[in-house]
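User: Please take a close look at one strand of this model and describe its surroundings. I would then like to see how that part sits beside the rest of the fold.

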Amino acid sequence: MYKVLLVDDEDIFLTHLYRTVEWKEFDCLVCGSARDGREALQAVEELNPDIVFMDINLPHKNGLEVCDIIREWKNAPHVIILTAHGEFSFAHKAIRMGIFDYLLKPFDKKELTEALLKCIEDIRMKKGQREIEERLQTREAEAYFKDLLDLDGAETGKKIQLSRETRFLAAVVQLEYLEHENLMRISREIKEGLDRDDKIKSYLIGLRNGVFTVVHLLTRDLDIKRMKSMWAEVLSRICDQEEGRDCVALGKLVDDTDAIAVSYQQALTALENRSRTGTSVIAYEDVEDLHVPETMFSQQDMNLLIKLFENGQYESADKAIEKIFGLSEERMLSFQYVVSI
């Protein structure tokens with residue numbers, strides 16, 4: 001539904017505007033009205049209308065002054081100027097300023113309806129263009145981050161433009177029941193849950209070895225505690241079981257793109273040590289103080305583990321890994337560290 005703001009200094013004309021059109025028939029809602037320029041600015045800021053019908057001759061600030069201010073605002077509304085015949089030159093100035101359209105007073109229902117329909121069509125067209133541009137930008141960013149993390153062999157050769165106020169965070173998501181049939185649904189539900197906070201932009205980078213990879217771009221006022229809370233909410237919506245191997249692991253917040261791969265490896269390490277925290281959302285900082293002593297496992301353990309992998313005995317390998325990882329409940333182990341010994 002499109003929100004419409006009516007602005008005129010005469011109550012009788014505001015009433016006429018409101019009653020002339022059956023707004024609901026055009027999927028519109030009159031969200032408010034204003035009687036002078038200052039009220040108009042406040043109403044646009046607070047109500048965020050899609051369309052504004054604005055008289056030129058207003059107290060305090062005239063309609064053109066108001067339009068000159070709000071056209072620089074984010075998500076600026078489409079403005080249709082209302083002007084008398086004697087102010088026709090102002091209408092031309094308004095068009096040059098980027099005002100969508102103008103109506104000469106007095107106008108009838110047909111003229112008002114035609115202007116409204118034209119405005120709605122332009123909004124729909126521009127919304128479609130924005131959605132296409134956003135999808136293209138998202139794909140470019142996802143390919144860029146895949147390249148940084150070396151997932152799926154992505155090679156973009158490009159750098160994306162990022163705000164200096166942005167920080168980065170890698171997350172990995174492990175779900176017990178994740179198959180090709182439900183992959184798209186789960187991806188969509190994760191994305192919807194993450195996009196609820198406008199301070200966070202999240203990219204689902206890919207699925208590798210049964211684990212999702214996500215890269216977050218977030219403002220500097222957000223911390224790991226907030227991210228853990230957000231992921232707990234997302235996980236509770238997409239998981240049917242309260243317990244199981246469903247888990248989200250987070251790396252550390254980093255300040256530049258070159259460090260995203262580090263955050264990603266930290267997230268993997270946190271995931272591998274999830275059993276030591278007993279929580280479904282774990283951050284690297286929860287386990288980073290745990291250490292790896294050199295004498296925790298023998299070379300015989302490692303030889304057995306390698307042999308099991310070579311023979312494709314993955315269930316037995318899992319048990320061997322659990323044995324090695326279970327040697328200490330208070331020490332952190334990384335699978336990458338174990339296999340490098």
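Analyst: The strand chosen is strand 8, residues 211-219, in what is a predicted model. Most of strand 8 is covered, with eight of its nine residues buried.

Strand 8 has pairing partners in strand 6 and strand 7. With strand 6 (residues 166-174) the pairing is antiparallel and extends over nine bridges. Within this pairing, H216 of strand 8 lies opposite L169. With strand 7 (residues 200-208) the sense is again antiparallel, here over eight bridges. R208 has V211 of strand 8 as its bridge partner.

In a regular strand, side chains point alternately to one face of the sheet and the other. With that in mind, the packing around strand 8 can be considered. The largest nonpolar core comprises 25 residues, and F145, V172, V215 and I260 have the most contacts inside it. Strand 8 is among the elements that contribute two or more residues to this core, together with helix 5 (109-149), strand 6, strand 7, strand 9 (247-250) and helix 8 (260-272). Helix 8 supplies the largest share, six residues. A second core, separate from the one just described, has 24 residues, including A171, V173, L194 and L235.

Helix 5, one of the contributors to the largest core, also carries a salt bridge between D122 and K126, with an N to O distance of 3.2 Å. These two residues are four positions apart in helix 5, and therefore about one helical turn separates them. D122 has a relative accessible area of 13% and so counts as buried, whereas K126, at 35%, is partly exposed.

Elsewhere in the model there is an open sheet of five strands, with parallel pairing and the order 2-1-3-4-5. Its edges are strand 2 (28-34) and strand 5 (101-104), each of which pairs on one side only. From one strand to the next, the twist averages 20°. Inside this sheet, strand 1 (residues 2-7) and strand 3 (residues 51-55) are joined in the parallel sense by four bridges, and L5 faces V52 of strand 3.

Helices lie across this parallel sheet. Helix 2 (residues 37-47) crosses strand 1, strand 2 and strand 3, and runs at about 170° to strand 1. Helix 3 (residues 63-70) lies across strand 3 and strand 4 (78-83), at about 150° to strand 3.

Strand 3 also takes part in a longer-range link. D55 forms a salt bridge with K105, the closest N and O atoms lying 3.2 Å apart. This pair joins distant parts of the chain, since D55 belongs to strand 3 and K105 to the loop between strand 5 and helix 5, 50 residues apart. K105 counts as buried at 16% relative accessibility, and D55 is likewise buried, with a relative accessible area of 4%. D8 is linked with D55 and K105 in a network of salt bridges.

The structure holds ten salt bridges. Another of them connects R71 and D68, whose closest N and O atoms are 2.9 Å apart. Here R71 is partly exposed, with a relative accessible area of 40%, and D68 is partly exposed at 37%.

To return to the part requested, strand 8 is a mostly buried strand that pairs in the antiparallel sense with strand 6 and with strand 7, and it gives residues to the largest nonpolar core.

Technical notes:
Residues are numbered from 1 along each chain as its sequence is written. This is a predicted model: local features need pLDDT of at least 70, side-chain atom pairs count only at pLDDT 80 or more; totals for chains, interfaces and linings use all residues. Side-chain values use heavy atoms; hydrogens and water are left out. Buried means under 20% relative accessible area, exposed over 50%, partly exposed in between (1.4 Å probe, protein chains only). Two strands pair if DSSP finds at least two bridges between them. Axes are lines fitted to C-alpha atoms, for helices over the stretch in contact, and angles run from 0 to 180 degrees between N-to-C directions. Contact means heavy atoms within 4.5 Å. A nonpolar core is a set of buried Ala, Val, Leu, Ile, Met, Phe, Trp, Tyr and Cys residues joined through side-chain atoms within 4.5 Å. A salt bridge is a side-chain nitrogen of Lys or Arg within 4 Å of a carboxyl oxygen of Asp or Glu.
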